[in-house]
Amino acid sequence: MRVLKIRRPRPARVLSVAGALGLVALVAGCGSGSAGSSGTSASTAGSSAVSPASAASAVPPADSAAASAPASPAASAAPVAGGTLVLYSGRNKDLVGPLLEQFTADTGVQVEFRGGDSGELAAQILTEGDASPADVFFSQDAGALGAVTQAGLFAALPAATLDRVPAAYAADDGTWAGVSGRARVVVYNPTLAPTPPDTVDGLLDPQWKGQIGYAPTNASWQAFVTGLRVLRGEDGARQWLTAFAAQEPKPFERNGAVRDAVNTGEIALGLVNHYYLYEKIAADGAAAVTAQNRFMAAGDPGGLLNVAGVGVLKTAPNAEQAQVFVDYLLSDAGQEYFATKTKEYPLVPGIAAAPEVPPLADLSPPQIDLSDLASLEQTQQLLSEVGLLTR
């Protein structure tokens, strides 16, 4: 189990290009999946959950049976006769590789996969500017997408594409769309924590000192902190983070490592996305998994519902193939992949989540505009100042 060493320190929506470039200098990576490797690589790709109290969701439920999905653009569009697209992906290839292979089989479009951490890839796109070879940016979280949007490097997506998802899961200006959702949870060991907290303030109870795991360079953790800044203000976020640092949380390289440490009893609690538990169950069998998910109380900042999403670069050399790819992710087949294979929340209305995952309609995430999660540089600076970010 690799544990990271922390180096203690020595609702703006505009992130400057120079500031975004500082992402690489500030952080080694922003996590791209449970088993991802850091850096950029290129290749061609041919438990019982504890639900929160019922309350009105801050965003429209995507799996509501009352809503019917529009016809899939991927199904109705004229097929593309082959070609290639360059994909910058913050999603781990082990996670989405089978979907990319199926996309190629269905459309004839080859995918040149360039994987890395979402924050680093966003900074790379800003550095490359109009010379970027990327056609599509597939990000793990909304914050990295927002940084590219604010730099003016994404093209607007067609209305038919944006109509596939509720407005809450897309950029305000239509430059990116969410393709799957994930809820932040506390994964816990019921032997060590029979009554786990369901609020971020509950994590500050002295009984949890030294018993909480987190992944400091992971995009989802940093998006949570950005959301905390939006919801509680800069001073409120700093106050909570300072108190959290005093709890001596244990840093891990990835969310999967946090989950595994909870499962083995190394720590009692972990801050991760909901689907990591189901990934473990699928790999090892339910009988081998002790850990459980605790979904957060209604409106609590720790229950942020974030999205993985995509945008097409204005300068995309293969714009037609890029748009076919985006529509494929939002097709029924693409959405069902996220529901059944990765156990994420499909965002297209009418596509149900996996039966073992609590329905999206039962969650009560905090009310936050995902477009406000773009201030990554400020978040990383704050984390560094309070001693919660590795260098």
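**Exercise 1. The crossing of H3 and H10**

Determine in which hand H3 passes H10 in this predicted model, and which residues meet.

Solution. H3 passes H10 in a right-handed crossing. Next, take the axes: those of helix H3 (residues 93-107) and H10 come within 11 Å and cross at roughly 120 degrees. Angles of 65 to 115 degrees count as roughly perpendicular, and those over 145 as roughly antiparallel. H3 and H10 are therefore oblique to each other. Now list the contact. On the H3 side stand Leu99, Leu100, Gln102, Phe103, Asp106 and Thr107, and they meet Gln321, Val324, Phe325, Tyr328 and Leu329 of H10. Sorted by type, the residues of this contact are seven nonpolar, three polar and one charged.

**Exercise 2. The surroundings of H10**

Decide how far helix H10 is enclosed, and find which residues of the largest nonpolar core touch the most other members.

Solution. Start with burial, for which the cut-off is under 20% relative accessible area. Helix H10 covers residues 319-329, and nine of its eleven residues are buried, so H10 is largely enclosed by the rest of the structure. The buried ones are Gln321, Ala322, Gln323, Val324, Phe325, Val326, Asp327, Tyr328 and Leu329.

Then turn to the core. The largest nonpolar core has 83 residues, and those touching the most other members are Leu87, Phe137, Phe138, Phe325 and Tyr345. H10 supplies the largest share of this core, six residues. A second, separate core has 26 residues, among them Tyr214, Phe224, Trp240 and Leu269. In soluble globular proteins, nonpolar side chains tend to be buried together.

Last, look at the contacts of one core member. Leaving aside residues up to four places away in sequence, Leu87 touches Leu100, Val111, Glu112, Phe113, Arg114, Val136, Phe138 and Phe325.

**Exercise 3. The crossing of H8 and H9**

Classify the angle between H8 and H9, and describe their contact.

Solution. Two packed helices are described by the angle between their axes and the distance between the axes. For helix H8 (residues 255-264) and helix H9 (residues 275-284), the axes come within 10 Å and cross at roughly 70 degrees. That makes H8 roughly perpendicular to H9, since angles of 65 to 115 degrees count as such. The crossing of H8 past H9 is right-handed. In the contact, Asn255, Gly256, Arg259, Asp260 and Asn263 of H8 meet Tyr276, Leu277, Glu279 and Lys280 of H9. These residues divide into two nonpolar, three polar and four charged.

**Exercise 4. Two residues with positive phi**

Find where Glu248 and Lys343 lie, and say of each whether it is buried or partly exposed.

Solution. Take Glu248 to begin with. Although not a glycine, Glu248 has a positive phi of about 55 degrees. Glu248 is in the loop between helix H7 (219-246) and strand S7 (250-251). Its relative accessibility is 48%, so Glu248 counts as partly exposed. Apart from residues up to four places away in sequence, Glu248 touches Lys209 and Gly210. Gly210 is 38 residues from Glu248 along the chain, while their C-alpha atoms are separated by 5.0 Å.

Now take Lys343. Its phi is also positive, near 65 degrees, in a residue other than glycine. Lys343 sits in the loop between helix H11 (332-340) and strand S11 (345-346). At 14% relative accessibility, Lys343 counts as buried, because the cut-off for burial is under 20%.

Technical notes:
Residues numbered from 1 in each chain as written. Predicted model: local features only at pLDDT ≥ 70, side-chain atom pairs only at ≥ 80, totals over all residues. Heavy atoms only, no water. Axes fitted to C-alpha atoms, helices over the stretch in contact; angles between N-to-C directions. Helix = DSSP H or I, 4+ residues; strand = E, 2+ residues; numbered from the N terminus. Parallel < 35°, antiparallel > 145°, perpendicular 65-115°, else oblique. Left-handed = near helix turned anticlockwise from the far one by under 90°. Contact = heavy atoms within 4.5 Å. Nonpolar A, V, L, I, M, F, W, Y, C, P; charged D, E, K, R; others polar. Buried < 20%, exposed > 50% of the residue type's maximum accessible area, 1.4 Å probe, protein only. Core = buried A, V, L, I, M, F, W, Y, C linked by side-chain atoms within 4.5 Å.
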